[in-house]
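Biologist: I should be grateful for a close look at a single part of this protein. Please begin with the helical segment at the start of the chain and the connection that follows, and then place that part in its wider setting.

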Amino acid sequence: MIAETVCSAVAAAGLGIAAVTAYRKRFLAATRMAAYSLVPLGLVMTGVVDWLADTAFSPTAWAGFGVLGLSWVLFSTTRAVERRRGGTRKERKAARGAQQEAVAPAASAPSLGPAASTPAVRPAGQPRTTANAGDDFSDIEAILKKHGI
């Protein structure tokens with residue numbers, strides 16, 4: 001009952017301010033104010049205000065909002081975990097199958113050759129040259145070959 005009275009008073013005050021604004025020849029602003037001031041009156045007439053008042057004082061409604069909030073938290077948590085892992089279960093399974101096919105079935109270790117078994121050692125006083133820079137990439141090439149890239 002009080003909510004309906006307050007909404008009606010707000011609508012009447014808004015229409016009064018809109019009338020004064022229209023008297024000052026600001027018709028666009030007056031029309032906008034009239035539109036905003038009619039919203040509370042429309043909500044009262046449709047029964048939305050009664051529904052909101054009943055919902056605000058209902059423990060069952062608040063429990064329902066709590067359940068909805070919990071459901072939203074669970075949904076967003078699962079989405080975050082799914083993004084972090086990289087897709088759905090089917091997508092991960094397909095990617096794993098494609099990754100296993102990229103490596104030769106009989107290859108248990110990468111074929112690095114004799115040069116990769118001993119690391120390149122540079123004397124401490126000798127600066128790096130372009131010949132030594134090529135040796136640095138052998139480690140990277142070995143890692144890439146190991147992963148089938």
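Modeller: The account below begins with that part and then turns to the rest of the chain. The model is a predicted one, and every value given here is computed from it.

The part in question opens with helix α1, which covers residues 2-23. Within α1 lies T21, and this residue merits attention for its surroundings. T21 has a relative accessible area of 9%, and it is therefore classed as buried, since the cut-off for that class is under 20%. The side chain of T21 reaches back to the backbone oxygen of I17, at 2.8 Å. Apart from neighbours within four places in sequence, T21 is in contact with R26, A29, A30 and M33. Three of these names may be placed at once, as helix α2 spans residues 27-46, and A29, A30 and M33 are among the contacts of T21.

Between α1 and α2 there is a loop, and K25 lies in it. The phi of K25 is near 65 degrees, a positive value in a residue that is not glycine. Most residues other than glycine have a negative phi. K25 has a relative accessibility of 64% and so counts as exposed, the class that begins over 50%. T21, by contrast, is buried.

Helix α2 then leads to a feature of the surface. V39, L43, V48, W51 and L52 form a nonpolar patch there, and together they have about 460 Å² of accessible area. Both α2 and α3, the latter covering residues 48-56, supply at least two residues each to the patch. The greatest contribution comes from α3, with 3 residues. L43 is a member of the patch and is located in helix α2. Its relative accessible area is 37%, so L43 is partly exposed: the value falls between the limits of 20% and 50%.

Further along the chain is helix α4, residues 59-85. This helix has 27 residues, and the distance from its first C-alpha to its last is 39 Å, close to the 39 Å expected at 1.5 Å a residue. Helix α4 also holds a charged pair: R79 forms a salt bridge with E82, with 3.0 Å between the closest N and O atoms. The two residues both lie in α4, 3 residues apart, which is about one turn of the helix. In general, an α-helix has 3.6 residues a turn, so residues three or four places apart point the same way. R79 is partly exposed at 33% relative accessibility, and E82 is likewise partly exposed, at 27%. The structure holds 1 salt bridge. Just after α4, G86 takes a positive phi of about 100 degrees.

As for the wider setting, the protein has 7 helices and 0 strands, and its elements run α-α-α-α-α-α-α from the N terminus. Of its 149 residues, 11% are buried, and T21 belongs to that class. Among contacts with a separation of 6 or more, 33% join residues 24 or more positions apart. The protein exposes about 12,400 Å², of which carbon and sulfur atoms supply 66%.

How values were computed. Residues numbered from 1 in each chain as written. Predicted model: local features only at pLDDT ≥ 70, side-chain atom pairs only at ≥ 80, totals over all residues. Heavy atoms only, no water. Patch = residues over 30% accessible without salt bridge, like charges linked within 9 Å, V, L, I, M, F, W, Y side chains within 5 Å. Areas by Shrake-Rupley, 256 points an atom, 1.4 Å probe, with all protein chains shown as cover. Salt bridge = Lys/Arg side-chain N within 4 Å of Asp/Glu carboxyl O. Helix = DSSP H or I, 4+ residues; strand = E, 2+ residues; numbered from the N terminus. Buried < 20%, exposed > 50% of the residue type's maximum accessible area, 1.4 Å probe, protein only. Polar contact = N/O pair within 3.5 Å; in protein donor to acceptor, adjacent residues only side chain to side chain. Contact = heavy atoms within 4.5 Å. Expected span 1.5 Å × (residues − 1).
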